[in-house]
Amino acid sequence: MLRKISILLIVLSLAGGISHAFNWALPSLRWFFEFGDIYGYVIMTVAFLGGLMMLLRGEKDIHWKPMTLRKFQRFKSIRRGHVALMIFVGLIGVAMLDQALVGKRALIVKYKGEWYFPAFKQGQFSGTEFGQEQESEASYRDLKKDWKAKGGSDWVLMPLVPWGPVLDSQDLMRVSVDKGDDGKYYRADQSSPYSGLAYTYYTDKPDQRHMMYKFRKGHQKGRCEGYSIDGDPVMREMWDKGVRTSRKLLGDLSEEQFDGASVTSLDTVLYPALKPDMGNSHYLGTDSKGWDILATLYGGFQVVLKAAVLYLSVSYLVGLSIGCMMGYFGGKFDMITQRFIEILANIPFLFVVMIINNRLEPEQRTIGVIVGVMCIFSWIGMTYYMRTATYREKARDYVSASKLLGASTPRMIFQHILPNVLSTIVTLVPFSFAAVIASLTALDFIGFGLPENYPSWGRTLSDGVANLDAPWIVTSVFAGMVILLLLITFIGEAVREAFDPKKFTYYK
């Protein structure tokens, strides 16, 4: 197992560094370069050297202690926690597929015999490179639709969810309304008679309405209005059960001129927020801005994973180190550090976030900044556990024996005491992960979190609460959060049960 891990680290670090140097963007590996090239290359170098050192040591497997194996077996016997862990690991695997699964850029484009891979390349392809008019980035969804309609050898392969997590919404959608064999009108994507508004547009001016009709159970009903090509109302009609009962001209335009205009077929316009629509790949619908909810949930989960890695790494490293030193050294060091922690603990966290949000521009409020503010306060609770446990452990005989044998202070703390107090800390990890999710969601919900260029569960939840007439928004986010937090809770309960120091301990 250890050999496989070392080889995996070497391969991933080489793949990440080389692909970035050649302007490729591999799924998940591109995350390490989000804060800059230097940061990314440092991470890749550390991973490569760590894997190489593990490989050169020649150890092929991890030698677990019998007590640790008993804890693992106990965890596996708690079926609810074990199944929750498998599902959670599966979700992480899905999230690591990144732009290969969710995104507005095409995976593969074949154009005039040439092959392109926009989703896996840094930078953008302009629309003119594929025959579109805009100089900005190509619209791959439009390309796929146009090329499919024309036929030919050019084609586009889009991700399963062809929408970006943020800042990606299509124009107002038009769906045709056609007359069926029974004389009633039906929307193209529905099997029941259509009720609502439908329009015809001028062919020479596609955005200008020619006629607006009201439909009730497949028939025109009520007042319908006609407009000139300049947008002025020129016609008014009354309909009842599909039969026109009256017609009145409002302007100088003659009836022959109005009826003889070249117009489009009858369409209805769909405005955000859109209901779930399989035909347009909006599997959970859109929010009030037209952003795809499933893509936002997916991107938000990726943000949570990144934030959790940063949060847990920093808070646990600082909390474990300071807590162990407080318990081991005691005396003045312990007293001074406790006073500093008490001062820091009384600083209102929300006020600090509000001040930082007020001082920084939106583009400066990165995930690193937000998580960094959270980490300022997160390690405090950890020190109390570690301090108490270290005080207890350093009074045991094995610590005195290690001192007599000449063990150094760092060796005493990190190789003798720390392994015997970790069982308490391990049980806190899942709940710390849940705290990251709750904190980020709460900050985004009240408007003091990440800017709009980051996908956010909290912002989408706030949008859903403000638009309760579109229940699929709040329902999707709420269900996603409940499922994820339940999985983490089940894992945390199983870990706490399996690593209970009252049942398993190294020294009695």
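# A walk through the predicted model

Start with the whole chain on screen: buried residues make up 41% of the 508 residues in the protein chain. Here buried means under 20% relative accessible area, exposed means over 50%, and partly exposed lies in between, using a 1.4 Å probe and protein chains only. You are looking at a predicted model, in which local features need pLDDT of at least 70 and side-chain atom pairs count only at pLDDT 80 or more, while totals for chains, interfaces and linings use all residues. Residues are numbered from 1 along each chain as its sequence is written, and side-chain values use heavy atoms, with hydrogens and water left out.

**Stop 1: the overall view**

Switch to cartoon. The protein chain holds 16 helices and twelve strands; these are DSSP runs numbered from the N terminus, with helices being H or I of at least four residues and strands E of at least two. Along the principal axes, the C-alpha atoms fill a box of roughly 110 × 50 × 50 Å. The radius of gyration of the protein chain is 31 Å, whereas a compact globule of 508 residues would have one near 23 Å. That radius is taken over C-alpha atoms, and the globule rule is 2.2 Å times the number of residues to the power 0.38.

To get a feel for distance, select Ile7 and Gly222: their C-alpha atoms are separated by 72 Å, and the two residues are 215 apart along the chain. Ile7 sits in helix α1 and is partly exposed at 39% relative accessibility.

Now colour by pLDDT, the predictor's confidence in each residue from 0 to 100. The mean for the protein chain is 85, and 96% of its residues reach 70 or more. Confidence is lowest in helix α13 (residues 409–426), at a mean of 77, and highest in helix α4 (residues 79–95), at 93.

**Stop 2: the cores**

Which residues have the most contacts inside the largest nonpolar core? Select Met386, Phe433 and Trp457, which hold that place in a core of 68 residues. A nonpolar core is a set of buried Ala, Val, Leu, Ile, Met, Phe, Trp, Tyr and Cys residues joined through side-chain atoms within 4.5 Å. Helix α7 (residues 293–329) gives this core its largest share, 15 residues. Another core, of 14 residues, lies apart from it, and includes Tyr213, Val234, Met235 and Phe258.

Go back to Met386 and show its surroundings. Not counting residues up to four places away in sequence, Met386 touches Gly319, Leu320, Gly323, Cys324, Leu418, Val421 and Ile425; contact means heavy atoms within 4.5 Å.

Stay with helix α7 and pick Gln302, which is found there. Gln302 is buried, with a relative accessible area of 8%. Leaving aside neighbours within four places in sequence, Gln302 is in contact with Trp31, Ala95 and Asp98.

**Stop 3: the rings**

Show the side chains of Phe, Tyr and Trp. The whole structure has 18 aromatic pairs. Rings (for Trp, the six-membered one) pair if their centres lie within 6.5 Å; planes under 30 degrees apart count as stacked, over 60 as edge-to-face and the rest as tilted.

Select Phe33 and Tyr41 for an edge-to-face pair, 5.2 Å centre to centre with 80° between the planes. Phe33 is buried at 10% relative accessibility, whereas Tyr41 is partly exposed at 33%.

Next, zoom to Tyr111 and Trp147, a stacked pair at 5.3 Å centre to centre and 0° between the planes. This pair links distant parts of the chain, with Tyr111 in strand β1 (residues 108–111) and Trp147 in helix α5 (residues 140–150), 36 residues apart. Both Tyr111 and Trp147 are buried. Add Tyr116, Phe125, Phe130 and Tyr140 to your selection: ring pairs link these with Tyr111 and Trp147 into a cluster.

Two arginines are worth selecting too. Arg141 lies over the face of Trp163, 3.7 Å from the ring centre, and the charged end of Arg174 sits over the ring of Tyr201, 3.7 Å from its centre. A charge sits over a ring if NZ of Lys or CZ of Arg is within 6 Å of the ring centre and within 35 degrees of the ring normal.

**Stop 4: two serines in loops**

Most residues other than glycine have a negative phi. Select Ser28, in the loop between α1 (2–21) and α2 (37–56): its phi is positive, about 70°. Ser28 is buried, at 7% relative accessible area.

Finish at Ser281, in the loop between β12 (267–270) and α7. Its phi is also positive, near 65°, and Ser281 counts as buried at 15% relative accessibility.
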